Amino acid sequence: MTSDTHRIFIVEDEVVVAFEMTDMLEDLGFEVVGPSVHVEDAKRLADEAKIDAAFLDVNMGAGKTSKPVAEILRDRDIPFVFITAYSADQISFKTSDEKVLSKPVTSSQVLSTLRKVLPDLEE
């Protein structure tokens with residue numbers, strides 16, 4: 001796998017979960033962007049950083065969601081996946097072709113999902 005060239009952005013408001021995702025992705029050989037635990041930081045990185053794909057928590061706490069981050073990533077044509085405890089139909093700002101993983105996630109689910117959104121990712 002040549003995943004070392006792929007940069008994966010993590011947006012997750014729960015610090016422990018964010019670092020678990022970071023460890024998981026690094027163990028799989030990816031380079032992690034972030035993680036961002038606040039929406040404003042996530043928006044800045046989504047707009048400025050070199051990113052190949054992203055995992056977005058839906059609920060960012062204090063009534064905030066990852067919707068503005070998703071909009072920036074869509075504008076940049078960067079694929080992303082929502083990671084949430086919600087069902088897909090509960091995410092009002094999700095488009096029909098965007099993927100959703102239910103928490104908690106396993107490394108095999110993460111890798112399988114990345115292979116779907118990053119077709120150039122070798123097996």
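Student: Before we get into this one, what is a nonpolar core?

Tutor: A nonpolar core is a set of buried Ala, Val, Leu, Ile, Met, Phe, Trp, Tyr and Cys residues that are joined through side-chain atoms within 4.5 Å. Please keep in mind throughout that the structure above is a predicted model.

Student: OK, so how many residues does the largest nonpolar core have, and which have the most contacts inside it?

Tutor: The largest nonpolar core has 22 residues, and those with the most contacts inside it are Phe9, Leu56, Val69, Leu73 and Phe82.

Student: And which strands and helices supply at least two residues of this core?

Tutor: Three strands do so, namely E1 (7–11), E3 (53–57) and E6 (80–84), and they are joined in this by helix H2 (39–48) and helix H3 (67–75). Apart from this core lies another one, of 20 residues, which has Leu25, Leu111, Val117 and Leu121 among its members.

Student: Back to Val69, what does that residue touch?

Tutor: If residues up to four places away in sequence are not counted, Val69 touches Phe9, Val11, Val39, Ala42, Lys43, Ala46 and Leu56.

Student: You mentioned E6; which residues are buried on each of its faces?

Tutor: On one side of E6 the buried residues are Phe80, Phe82 and Thr84, while on the other side they are Val81 and Ile83, so that both faces are covered, given that buried stands for under 20% relative accessible area. Put as a count, five of the five residues in E6 are buried.

Student: How many bridges join E3 to E6, and do they run parallel or antiparallel?

Tutor: E3 and E6 run parallel and are joined by four bridges, with Leu56 standing opposite Phe82 in E6. E6 also pairs in the parallel sense with strand E7 (residues 99–102), again over four bridges, and there Phe82 stands opposite Val100 in E7.

Student: Changing topic, what does UniProt list for Asp57?

Tutor: The UniProt record, which is an unreviewed entry, lists Asp57 as "modified residue: 4-aspartylphosphate". In the model, Asp57 is found in strand E3.

Student: Why does Asp57 count as buried?

Tutor: Asp57 counts as buried because its relative accessibility is 4%, and the cut-off for buried is under 20%. Leaving aside residues up to four places away in sequence, Asp57 touches Val11, Glu12, Asp13, Ser66, Ile83, Thr84 and Lys103.

Student: Lys103 rings a bell; what is the peptide bond from Lys103 to Pro104 like?

Tutor: The peptide bond from Lys103 to Pro104 is cis, with omega near -10°, and Pro104 is found in the loop between E7 and helix H4 (107–117). A cis peptide bond also joins Gly34 and Pro35, where omega is about 5°, and Pro35 has its place in strand E2 (residues 31–36).

Student: What about phi, say for Ala62?

Tutor: Ala62 has a positive phi of about 55° although it is not a glycine, and Ala62 is found in the loop between strand E4 (59–61) and strand E5 (64–65). Asp77, in the loop between H3 and E6, is a residue other than glycine with a positive phi near 55°.

Student: Are Ala62 and Asp77 buried or exposed?

Tutor: Ala62 counts as exposed because its relative accessibility is 81%, and Asp77 likewise counts as exposed, at 69% relative accessibility.

Terms used: Residues numbered from 1 in each chain as written. Predicted model: local features only at pLDDT ≥ 70, side-chain atom pairs only at ≥ 80, totals over all residues. Heavy atoms only, no water. Buried < 20%, exposed > 50% of the residue type's maximum accessible area, 1.4 Å probe, protein only. Contact = heavy atoms within 4.5 Å. UniProt positions renumbered as here; feature names shortened; annotations may be inferred. Pairing = 2+ DSSP bridges.
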